[in-house]
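Reader: I would like a close look at a single part of this model, set in the context of the whole chain before you go into its details. Please take your time, and tell me where the coordinates deserve caution.

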Amino acid sequence: DPRTGHVTPTQLFVGVLPFSSYTFGEFVSNQKLPSFLGVQERMFSFFGGVTPYVVPDNLRSGVHRAHLYDPDVNPTYCDFANHMGFAVLPARPYTPRDKASGESNIGVIQRSFFQEVRHRTFYSLHDLNQAFREYLNRLNHEVMKDYGVSRATRFEGEKKLLKPLPEARFQISEWRTAKVHPDCHIQVEKNFYSVPFLHVGSAVRVRLTEKMVEIFTEDSQPVTAHTRLQGMGKFATVDAHYPEARISVARFEVHHAIEQAKRIGTHVEKLVGDLLSGEYPLRHLRRVQGLLRLIHHVSPEALDYACSQGLTFKKTRLAYLKSCALYFQQNGLKPKLVAPNRSLDSIHLRQTLLIQEACDA
């Protein structure tokens, strides 16, 4: 940084075609997944095509768990590979010969480029990569002693075997896991998305993109998709995901909620019954469960009072009911406003004063 003098370390990415040793490289600020995928996309653009296979080192952004026989590849990296059209073959742990071309060319770069720029100071990543691109151009066009031709010359024959680049750019996604709640929804980033009733209680895989939320079974079978919600506490619900009303009412969660409400108070029972009635009884199951869990923080009388207020004013949101219950718990019944009872003979009444003033006049 030219102002503060702070030095920021960089990471070097190198991609090499093994037959020609044609080399691509770029300095990046970190090894996180967006950088890892973005630099590979630029690598294939540099080559002008896609190789059938890619042998990555066991970087965490690409390989979650290294294994000799069955490595666990990052799901987002798999999506990227499917989009670009190559297969991922991670190098075996502690086996540098699996990526011999990469190891060899990194050594060349360290012995030559690093020595060239050891006395230079770079004030931006762009300036560093500009100098590195000039070096790579020289490297790829230098005659190799072992072959008598340059990397670029050998690459001309190898380039014909590359697959064409995809027309659209890759849209990065994020994978998560979730469990389907009895109300037929999963929670993702504090918002809720409906899932068909048959998947209640099971774990699902969730793929998040900038605009979509896609839901899959554990064995990657598609289930449903929603437009991604912005904000907090919002629901994306497809009514067809709910079961029939008679099946919903027969569920243990609904029976348990009704029985628990009966034990707390009559107003609680009435409010819970109203919420769980209708064509889709499971629609408000999550709210009912949140309401009944308030019994661990307030007395049954306070909760019953809150439900009576909710029924009176037709406010059944959990936040309102919770605030009513907490107020009752701390202050008791809400004071009622009563009109003052005054005698008409009192001179302090406005009407009496007006009459008296009229008589005096």
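Author: The protein exposes about 22300 Å² of accessible surface, and 54% of this area is supplied by carbon and sulfur atoms. This is a predicted model, and its mean pLDDT is 89, with 91% of the residues reaching 70 or more. Over residues 352–361, however, the pLDDT is below 50, and beyond near neighbours in sequence this stretch has five contacts in the model. Where pLDDT is low, the predicted coordinates should not be read in detail.

The overall dimensions set the scene for the part I have chosen. The C-alpha trace spans about 120 × 65 × 35 Å along its principal axes, and the radius of gyration is 34 Å, whereas a compact globule of 361 residues would have a value near 21 Å. One pair of positions gives a sense of distance within the model: Ala100 and Gly201 are 101 residues apart in sequence, and their C-alpha atoms are 48 Å apart in space. Ala100 belongs to helix α3, which covers residues 100–116, and with a relative accessibility of 43% Ala100 counts as partly exposed.

Twelve helices and 13 strands make up the secondary structure. Buried residues account for 39% of the 361 residues, and among the contacts between residues at least 6 apart in sequence, 57% join residues at least 24 apart. As for charge, there are 45 positive and 36 negative side chains, and the centres of the two sets lie 2 Å apart.

The part to examine closely is helix α9, which runs over residues 285–292. Seven of its eight residues are buried, so this helix is largely enclosed by the rest of the structure. The buried residues of α9 are Leu285, Arg287, Val288, Gln289, Gly290, Leu291 and Leu292, each of them under 20% relative accessible area by the cut-off used for the term. An α-helix has 3.6 residues a turn, so residues three or four places apart point the same way. In α9, the buried set includes the consecutive run Arg287, Val288, Gln289, Gly290, Leu291 and Leu292.

What provides this cover? The elements that cover the buried residues of α9 include α7, α8 (266–275), α10 (300–313) and α11 (318–331). For α7, the link to α9 can be followed residue by residue, starting from Glu253, which lies in that helix, spanning residues 252–264. Apart from residues up to four places away in sequence, Glu253 touches Pro182, Leu285 and Gln289, and both Leu285 and Gln289 are on the list of buried residues in α9. Glu253 and Gln289 are 36 residues apart in sequence, and their C-alpha atoms lie 8.9 Å apart in space.

Pro182, the remaining partner of Glu253, leads to a neighbouring position along the chain, Cys184, which is found in the loop between β7 (174–179) and β8 (185–188). Cys184 is buried, since its relative accessibility is 1%, and its phi is near 70°, a positive value in a residue other than glycine. Most residues other than glycine have a negative phi, and most peptide bonds are trans. Further along, in the loop between β8 and β9 (191–194), sits Glu189, whose phi is near 50° and therefore also positive in a residue other than glycine. Glu189 is partly exposed, with a relative accessible area of 38%.

For comparison with the surroundings of α9, two positions from another stretch of the chain may help. Gln11 lies in strand β1, residues 11–16, and is partly exposed at a relative accessible area of 26%. Leaving aside neighbours within four places in sequence, Gln11 is in contact with Glu26, Phe27, Val28, Ser29, Asn30 and Gln31; the C-alpha atoms of Gln11 and Ser29, 18 residues apart along the chain, are separated by 6.0 Å. Gln31 also appears among the contacts of Leu59, which, with the same neighbours in sequence left aside, touches Gln31 and Phe36. Leu59 is found in the loop between β3 (53–54) and β4 (63–65), and its relative accessible area of 25% makes it partly exposed.

Conventions. Residues are numbered from 1 along each chain as its sequence is written. This is a predicted model: local features need pLDDT of at least 70, side-chain atom pairs count only at pLDDT 80 or more; totals for chains, interfaces and linings use all residues. Side-chain values use heavy atoms; hydrogens and water are left out. Helices (H or I, at least four residues) and strands (E, at least two) are DSSP runs, numbered from the N terminus. The radius of gyration is taken over C-alpha atoms; the globule rule is 2.2 Å times the number of residues to the power 0.38. Buried means under 20% relative accessible area, exposed over 50%, partly exposed in between (1.4 Å probe, protein chains only). Contact means heavy atoms within 4.5 Å. Accessible areas come from the Shrake-Rupley method with a 1.4 Å probe; for residues, only the protein chains shown count as cover. Lys and Arg count as positive and Asp and Glu as negative; His and the chain ends are not counted. The place of a charge is taken as NZ of Lys, CZ of Arg, CG of Asp or CD of Glu. pLDDT is the predictor's confidence in each residue, from 0 to 100.
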